[in-house]
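Please walk me through the empty spaces of this protein, its pockets and its enclosed cavities, and through the residues that line them.

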Amino acid sequence: MSTTTTPAPRPAPTSALTLSRTAATAARVLRQLGHDPRTIAMMILIPCVMLFLLRYVFDGDPRTFDNIGAALLGIFPLITMFLVTSIATLRERTSGTLERLLALPLGKGDLIAGYALAFGTLAIIQSALATALALWALGLDVTGSPWLLLLVALLDALLGTALGLFVSAFAASEFQAVQFMPAVIFPQLLLCGLFTPRDTMHPVLEAISDVLPMSYAVDGMNEVLHHTDLTTDFVRDALVVAGCALLVLTLGAATLRRRTT
């Protein structure tokens, strides 16, 4: 008489968040990024290069750079972090790394928070370099504190990281991940108030812009551009951007799943 044994089921990932596991995940991602210097260079330097080009595109009219440079200081890091994070995370999925991690007793919250912590570390470096370049090398003239400008740039980069992590769950290839950019980023770019004040748009578009996080990123930058002191509008804008980043990360943890069973 033969007996068959049923294999023990794989431990299902949970949403629990553990500091040690989150830190270990972040350290692993950073080690992997360390083997890809081109990706690190793109994440850190592309916003700086874009700001540099923009400054000298408007070389004959520096005031134009002053008017839009602060807003773009927040937009460029968001776009860069969205692209790199979505592609890098999707590469982990397609290579099977994420599949193996999800077979371990590792919380989904640990995974998402670990990825966010790793890319967020690079976002801090990116935002600091871009802000320093804009203010002290390119002569961006702002009325408020440079530290507030840096804060919004960092929150924008973290929001881009969160969006990239989230959309990577719905892409089957790196090409598809890039295709999400017109759907996720471009509408926000057009409606955020960069090209025209939001209150002059069609009422329907203005209402849509009121629920898009990039609108509050641009508004926050403009508050620093025009006010010497910390304003209640700036606090609101910063909290909205931070809250959206946290919400998207939570959704990313909720939708995280293995490709196979």
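The paragraphs below take the pockets in turn and then the cavities.

This is a predicted model, in which local features need pLDDT of at least 70 and side-chain atom pairs count only at pLDDT 80 or more, while totals for chains, interfaces and linings use all residues. Residues are numbered from 1 along each chain as its sequence is written, and side-chain values use heavy atoms, with hydrogens and water left out.

The largest pocket (on a 1 Å grid over the protein atoms alone, an open set of points with protein on both sides within 12 Å along at least five of seven lines) has a volume of about 320 Å³, a volume being the space filled by probe spheres set on the points, which are joined across faces, edges and corners. Its lining, meaning residues with an atom within 4 Å of a point, comprises 17 residues, and Leu33, Asp36, Thr39, Ala88 and Arg91 lie nearest the centre. Two or more lining residues come from each of helix 1 (19–34), helix 2 (37–57), helix 3 (62–94) and helix 5 (108–137), with helix 3 giving the largest share, 6 residues; helices here are DSSP runs (H or I, at least four residues) numbered from the N terminus.

The second largest pocket holds about 240 Å³ of space, and of its 14 lining residues Gly193, Pro197, Arg198, Asp219 and Asn222 are the closest to its centre. Helix 3 contributes at least two residues to this lining as well, as does helix 10 (213–226).

Cavities, where a 1.4 Å probe fits but cannot get out, number 3 at 30 Å³ or more. The largest cavity encloses about 50 Å³, and its lining includes Gly144, Leu148, His227 and Phe234.
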